[in-house]
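Me: I would like a close look at one part of this structure, set in the context of the whole chain. Please take the cysteines.

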Amino acid sequence: MNNLNLKISHAKTQDISRSQIRYNILRLAWPVIVEMGLITLVQIFDMMMVGHLGVDALNAIGLTLQPLMLGMIIFNGLSVGTTALIARFIGERNREQASRTFQQSLLGSTFLASLMSIVLYFIAPHILVIMGAETARVVKLGAGYIRWLIPGLFLQWIFIVISAALRGAGDTKTPMYVNIVINIINILGNYLLIFGVWIFPRMEVYGAGLATSIARITGFILLVILLHHPETILKPNWKEFFKIDWFIMKRIIRIGIPATLEQAILRIGQTLYTRVVSTLGSVAFAAHTTAINAESISYMPGWGFSVAATTMVGQKLGEGKPDEAEASGIESLKFGCGVMAFMGIIFLIFPEFLMRLYIDMSDPNARELIYLGARNLRIVALAQIPMATQFILAGGLRGAGYTKPVLYSTMIGVWAGRLLSAYVFIFHFGWGLVGAWIAMCIDWFLRSAYVVYLWKKGEWKFTEI
């Protein structure tokens with residue numbers, strides 16, 4: 001009887017623990033999902049508005065997306081190191097070290113953002129040429145768009161690291177609140193400056209860039225104000241802001257370098273993939289860009305539960321509870337797969353409706369754009385669960401500081417799966433845009449299979465950072 005009572009008691013304790021884990025996952029994930037949803041909606045509205053300016057405008061922005069994402073690799077890598085370290089320190093109840101880590105990350109990101117902004121301004125036209133812009137007009141529009149974006153990009157890069165630090169400390173609401181403000185201003189600014197409403201000039205593509213910068217400047221000022229709130233967990237010492245703590249900086253870099261290389265491989269591979277797709281012609285590429293933008297809706301839940309897994313795994317390992325760290329990853333995965341499977345059903349059933357939101361039906365290419373884009377969405381619907389798996393389990397592995405093996409999974413998926421397959425399907429089999437999107441799905445299946453293997457292997461539980 002005593003043994004039976006012990007088993008029942010143990011089972012109840014496990015149920016309580018699982019319930020608490022699920023509660024914490026949802027508490028961390030929902031602000032990120034809302035935040036990502038708002039960011040995605042702004043991108044969607046941007047593309048919808050720009051789509052009414054014609055194919056050249058769509059291609060000008062489409063050709064800048066991957067190169068600009070490529071510029072974020074350093075900050076994304078820095079943010080992984082920041083989140084993992086801060087989550088571990090918070091789990092250990094060491095807020096002083098967590099704040100010091102935040103300060104060092106902020107210093108490093110400010111220096112790098114300044115350097116990269118200057119370089120980007122001068123190479124803007126060359127980016128469009130390298131990406132395969134077909135006309136001088138597309139080069140001019142794209143380069144101008146980038147240059148209007150630069151003030152906002154500078155602050156966005158720093159914002160990425162600040163948000164990563166706050167999430168590592170378990171605060172996902174502050175970045176959400178700030179992004180609400182940013183996105184409201186961005187949408188309103190886009191409408192006023194793209195089309196020249198009321199007293200505002202009609203700037204078209206350039207207006208989209210300027211509106212984004214104004215929104216991000218406003219949001220960054222608000223974020224700095226919120227960081228001084230008495231209840232903020234992380235308390236950087238601003239008087240010693242420029243003092244480098246090499247011990248902490250090296251730990252951030254040690255975790256961040258594999259994550260940076262992963263992002264570099266991912267972005268370079270995606271950029272080359274975009275370059276391959278651009279050879280299919282302006283209409284096919286416009287359909288590709290529009291479908292990518294529509295598909296990004298599904299990233300919201302995946303990214304939200306990925307952040308929850310990253311934070312929970314890091315904090316639970318800091319508390320010395322590897323079993324609860326593993327449970328946190330699995331529960332996050334269950335939530336993410338359920339929501340993204342639902343998004344896959346939407347892409348299967350209503351892709352034409354989604355595409356019509358972006359396309360001006362008076363455009364002579366409208367029907368072809370809708371047909372091609374809808375077909376793309378139906379293809380990628382099949383990859384939603386593998387995508388969720390890769391997002392969330394890779395997020396958990398990064399939270400443990402286990403970043404090198406995740407790098408290998410991305411290398412295999414993006415370069416062997418996406419880029420090589422796309423090249424073969426397009427140029428050797430002649431499958432066109434269908435081949436490009438099948439290659440994208442192969443990438444997600446390969447990466448998800450590899451991170452599942454890494455997760456089950458369990459070495460991540462013993463990573464020292």
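Reply: The model is a predicted one, and its protein has 16 helices and 0 strands.

The cysteines come next. A disulfide needs a pair of cysteine sulfur atoms within 2.5 Å, and by this rule the count is 0 disulfides. Cysteine 337 takes part in no disulfide, as the nearest cysteine sulfur, that of cysteine 441, is 15 Å away. From the other side, cysteine 441 is likewise in no disulfide, and the nearest cysteine sulfur to it is that of cysteine 337, 15 Å away.

Are these residues buried or exposed? Buried means under 20% relative accessible area. Cysteine 337 has 17% relative accessibility and therefore counts as buried. Cysteine 441 has 7%, so cysteine 441 counts as buried too.

As for the setting, 59% of the 465 residues of the protein count as buried. The radius of gyration of the protein is 22 Å, which agrees with the value near 23 Å that a compact globule of 465 residues would have. Along the principal axes, the C-alpha atoms fill a box of roughly 80 × 50 × 35 Å. Among contacts with a separation of 6 or more, 83% are between residues 24 or more positions apart.

The outer surface and the charges complete the picture. The accessible surface of the protein is about 19900 Å², and carbon and sulfur atoms make up 67% of that surface. The protein carries 38 positive and 26 negative side chains, with the centres of the two sets 3 Å apart.

How values were computed
Residues are numbered from 1 along each chain as its sequence is written. This is a predicted model: local features need pLDDT of at least 70, side-chain atom pairs count only at pLDDT 80 or more; totals for chains, interfaces and linings use all residues. Side-chain values use heavy atoms; hydrogens and water are left out. Helices (H or I, at least four residues) and strands (E, at least two) are DSSP runs, numbered from the N terminus. The radius of gyration is taken over C-alpha atoms; the globule rule is 2.2 Å times the number of residues to the power 0.38. Buried means under 20% relative accessible area, exposed over 50%, partly exposed in between (1.4 Å probe, protein chains only). Contact means heavy atoms within 4.5 Å. Accessible areas come from the Shrake-Rupley method with a 1.4 Å probe; for residues, only the protein chains shown count as cover. Lys and Arg count as positive and Asp and Glu as negative; His and the chain ends are not counted. The place of a charge is taken as NZ of Lys, CZ of Arg, CG of Asp or CD of Glu.
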